[in-house]
Amino acid sequence: MDTLRAIEAFVHSVELGSLSGAARALDTTQPTVSKLVAGLERSLGVRLLRRTAAGLSLTEEGQRFHERSRRVLEDYGDAVADAREGIQQPRGLLRVSAPVTLGQRHLNAMVLEFLALYPDIELELVLDDRFVDPLEERIDVSLRVGGTLPPDLVARHLGTWPRVLVASPEYIAARGKPRKPQDLLTHDYLRYAGGDDGVLLQGPNGPETVPVRSRYRVNNAVALLDSVLGGAGISLQPTWMVADLLAQGRLVRVLGRHTGPAQELHLLYAPRRHLPLRVRVAVDFLAERVSRLPGAGCRGEADRRQSMRISKYASSVSPRSRKPAVRAAS
């Protein structure tokens, strides 16, 4: 029996919740995975999985074995990556997740540029505004806008983007321009669904909460921005989303001396000693590109040092377009 292959089949079955899922991940058949897991159980002399109509569940022995097996596979992957360092091109499947609006407005173009640089990489971009668990959903790199950062992942800070009040020129022409925060009470204020009424602003006189009510709320940032562009009202938007529209004159700032709570952007990835080469070059590429989105604050010294550490791993890798000397998700 190929013990390493059997361990891999077992771990994939647990993490994907089914033998068929493991078979797809390993590019084999479900009967093959079933035989590998059964052979592993026979060699160990214990039952690892309970198989029922409802799905798979771990036995007590299986729980302990799964925890150690994951580390075995990670250590094996690290050893292989270390042995092959410097002689391979980045290749294989890379899964990246990001919020919908960030993906549509900026990340999609970055991904196409990245794929042109590294033609041996396949990339699956998952755009979703819900929290995506990178470990559970086998995501290699996640872009997170705000929210709580998971403690079991590396979170690389990319920058801080203020949020500003904006409206279309047509709306301002029809309704007038607010001169002070309390003037917002007489205007149509648009917001993302799910939040409380009221808006917190930081201005020359410190923080101020304006108890605005919103007749229109929507749980999609693209739809919200389209509504503002269409003249439906005033909204608080991050600068990475609206800087180009402000420069083009399609939107105008409202209460220009006031800003809302800033947005923090982070790159999340697994805390492994040896990240697959395709993950390292993707992290380095996205960190550099995303940090240059318009309106970003300066990154700190710690972020600069982290960027240098990641860069040194990819420094020997040249994109194929320059005649280079690069995970299925693990």
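User: What is the relative accessible area of Glu 288?
Analyst: First, this is a predicted model: local features need pLDDT (the predictor's confidence in each residue, from 0 to 100) of at least 70, side-chain atom pairs count only at pLDDT 80 or more, and totals for chains, interfaces and linings use all residues. Residues are numbered from 1 along each chain as its sequence is written, and side-chain values use heavy atoms, leaving out hydrogens and water. With a 1.4 Å probe and protein chains only, buried means under 20% relative accessible area, exposed over 50%, and partly exposed in between. Glu 288 falls in the partly exposed class, with a relative accessible area of 32%.

User: Which residue meets Glu 288 in a salt bridge at 2.6 Å?
Analyst: A salt bridge here is a side-chain nitrogen of Lys or Arg within 4 Å of a carboxyl oxygen of Asp or Glu. The partner counts as exposed, because its relative accessibility is 54%. At 2.6 Å, N to O, the side chain that meets Glu 288 belongs to Arg 292.

User: Which residues does the network of shared salt bridges join?
Analyst: Glu 288 and Arg 292 already meet in a salt bridge. Salt bridges that share partners make one network, and its residues are Glu 113, Glu 288, Arg 289 and Arg 292.

User: How many residues apart are Arg 5 and Glu 8?
Analyst: Their side chains meet in a salt bridge with 3.8 Å from N to O. Arg 5 is partly exposed at 28%, and Glu 8 is partly exposed at 25%. An α-helix has 3.6 residues a turn, so residues three or four places apart point the same way. Both sit in helix H1 (helices are DSSP runs of H or I, at least four residues, and strands are E runs of at least two, numbered from the N terminus), about one turn apart, and the spacing in residues is three.

User: Which residue forms a salt bridge with Arg 91?
Analyst: Arg 91 sits in the loop between helix H4 and strand S3, while its partner is in the loop between H5 and strand S4, 29 residues apart, so the pair links distant parts of the chain. Arg 91 is partly exposed at 41%. With the closest N and O atoms 3.8 Å apart, the partner is Asp 120.

User: Which element gives the most residues to the lining of the largest cavity?
Analyst: On a 1 Å grid over the protein atoms alone, a cavity is a set of points where a 1.4 Å probe fits but cannot get out, and lining residues have an atom within 4 Å of a point. The lining includes Leu 94, Val 111 and Phe 285. H5 and H9 are the elements that give two or more residues. With three residues, the one giving the most is H9.

User: Which residues of helix H2 are buried?
Analyst: H2 covers residues 19-26. Helix H1, helix H3 and strand S2 are among what covers its buried residues. Just after H2 comes Asp 27, with a positive phi near 55 degrees. The buried ones are Leu 19, Gly 21, Ala 22, Ala 23 and Leu 26.

User: Where in the protein is confidence lowest?
Analyst: The protein's mean pLDDT is 83, with 86% of its residues at 70 or more. Helix H6 is the high end, at a mean of 96. Over residues 298-330, pLDDT stays under 50. The lowest confidence, at a mean of 38, is in helix H10.

Key: Contact = heavy atoms within 4.5 Å. 1 Å grid on protein atoms, 1.4 Å probe; cavity = no way out; pocket = protein on both sides within 12 Å on 5 of 7 lines; lining within 4 Å.
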